Amino acid sequence: MIAALSRRSKSAEKQAETEEATKTAVILPFLQALGFDVFDLDEVVPEYIADVGIKKGEKVDFAVKIDGKVAMLIEAKPIHARLGETQYSQLFRYFAVTDARLAILMNGREAWFFSDTDEPNKMDKKPFFKFDLQEHDPAQVEELSRFQKGSFAIESIIEAASNLKYMREAASYLKRQLSSPEDDFIRLVAKSIYDGSITKNVLEQVRPAITGALDELVRNRIQDKLSITFSSEPVSKDPGADAADPDIITTDSEREGFMIIRAIAAKVAAVERINLRDAKSYCAILMDDNNRKPVCRLYFNSEKNMQIGLFDADKSETKVKIDRIADIYHHAAAIEAAVNNYL
């Protein structure tokens, strides 16, 4: 189901020029994949009208009904429209005057899911769940299954939406503390490790230790999760190389470097999205195993002249010499930035 939708989305990205083409190529098949009959007006109503105050005759692209009641509202945009820059005021207005407690903003590649977790009958300003048809992980696919007609349970979905919302906000807060801890956070931790009053001087004294401890904690936790032997994990070969080429050997040093890069990247992305693809002259670390999404490269063919290739926002590579594999941690900011370019 998802694989077919992904192919449709990629095809539409090349050919669909209008909103109508996006609806036909991707959005209607998306609703079908969720189990709704797009040809039955008792289930999917296109150009749904719901008068709001003095505004008459405004239409939202689709209303999805379950048991005769509107369950979801869907507003469609052309596939090349960026949802973050899109105005979707109609969804806000209609949300308050229908039975719907879910709204989806969709452009043929991404689907953003909204509910009313902040205030009843008022659509939240931020989505509680985003699904990318072309790039997703198994956990996101599992979350998407909640919206299938056969298992649709609104209370369960709203509860999950609330949990996802708080988890997202907590993750955002913790991410900020990892990169640049706020005084209140440092003070909270300092109270448990320092006897006496927490003055400004004390804060500055313990800040480096707490920041270092956070980095160490994350590093150790990720590496614990990655402690399964890499021998059980397939290593991709350069697609241009002969699959049986005996010259392409992934060394222990390259695997160790990959492990460190995964630990760094895991701060901003799902660890399984960071992949290793080996070649003769270098070992590539890629996002989603896609050579158009380079994270960095390891030039470890000579242990006396080890280098790491770092990529900027334009995918221009800069090679930096390192003395030991652990020096990769010194370039954590550049690695995180590269990963962020693909999120």
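Welcome to a short tour that begins in the core: the largest nonpolar core has 36 residues, and Phe30, Phe113, Leu144 and Phe147 touch the most other members. Such a core is a set of buried Ala, Val, Leu, Ile, Met, Phe, Trp, Tyr and Cys residues joined through side-chain atoms within 4.5 Å. This is a predicted model, in which local features need pLDDT of at least 70 and side-chain atom pairs count only at pLDDT 80 or more, while totals for chains, interfaces and linings use all residues. Residues are numbered from 1 along each chain as its sequence is written, and side-chain values use heavy atoms, with hydrogens and water left out.

**The two cores**

- The elements giving two or more residues to the largest core are α1 (2–15), α2 (19–33), β2 (59–66), β3 (69–76), β4 (102–106), β5 (110–114), β6 (129–132) and α5 (154–179); helices (H or I, at least four residues) and strands (E, at least two) are DSSP runs, numbered from the N terminus.
- Helix α2 supplies the largest share of this core, 5 residues.
- Another core lies apart from it, with 26 residues that include Leu276, Cys296, Ile308 and Tyr342.
- Leaving aside neighbours within four places in sequence, Phe113 is in contact (heavy atoms within 4.5 Å) with Phe30, Ala103, Ile104, Pro127, Phe128, Phe129, Phe131, Leu144 and Phe147.

**Aromatic rings**

- The count comes to 8 aromatic pairs; rings of Phe, Tyr and Trp (its six-membered ring) pair if their centres lie within 6.5 Å, with planes under 30 degrees apart counted as stacked, over 60 as edge-to-face and the rest as tilted.
- Phe129 and Phe131 make a tilted pair, 6.3 Å centre to centre with 50° between the planes.
- Both Phe129 and Phe131 are buried, where buried means under 20% relative accessible area, exposed over 50% and partly exposed in between (1.4 Å probe, protein chains only).
- The pair of Tyr282 and Tyr299 is tilted because the ring centres are 5.8 Å apart and the planes stand at 55°.
- This pair links distant parts of the chain, with Tyr282 in the loop between β8 (274–278) and β9 (283–287) and Tyr299 in strand β10 (residues 294–299), 17 residues apart.
- Tyr299 has a relative accessible area of 11%, so this residue is buried.
- One aromatic cluster is formed by Phe113, Phe128, Phe129, Phe131 and Phe147.

**Charges over rings**

- Arg297 lies over the face of Tyr282, 4.2 Å from the ring centre; a charge sits over a ring if NZ of Lys or CZ of Arg is within 6 Å of the ring centre and within 35 degrees of the ring normal.
- Over the ring of Tyr299 sits the charged end of Lys319, 4.2 Å from its centre.

**Two charged residues up close**

- Asp327 is in the loop between β12 (317–321) and α9 (332–340), and its relative accessibility of 10% means that Asp327 counts as buried.
- A polar atom of the Asp327 side chain lies 3.1 Å from the backbone nitrogen of Asp323.
- Arg8 is found in helix α1 and, at 42% relative accessibility, counts as partly exposed.
- Not counting residues up to four places away in sequence, Arg8 touches Ala25, Val26 and Pro29.
- The C-alpha atoms of Arg8 and Phe30 are separated by 9.7 Å, with the two residues 22 apart along the chain.

**The whole protein**

- The secondary structure comes to 9 helices and 12 strands.
- Of the 343 residues in the protein, 44% are buried.
- Among contacts between residues at least 6 apart in sequence, 51% join residues at least 24 apart.

Definitions and conventions:
Polar contact = N/O pair within 3.5 Å; in protein donor to acceptor, adjacent residues only side chain to side chain.
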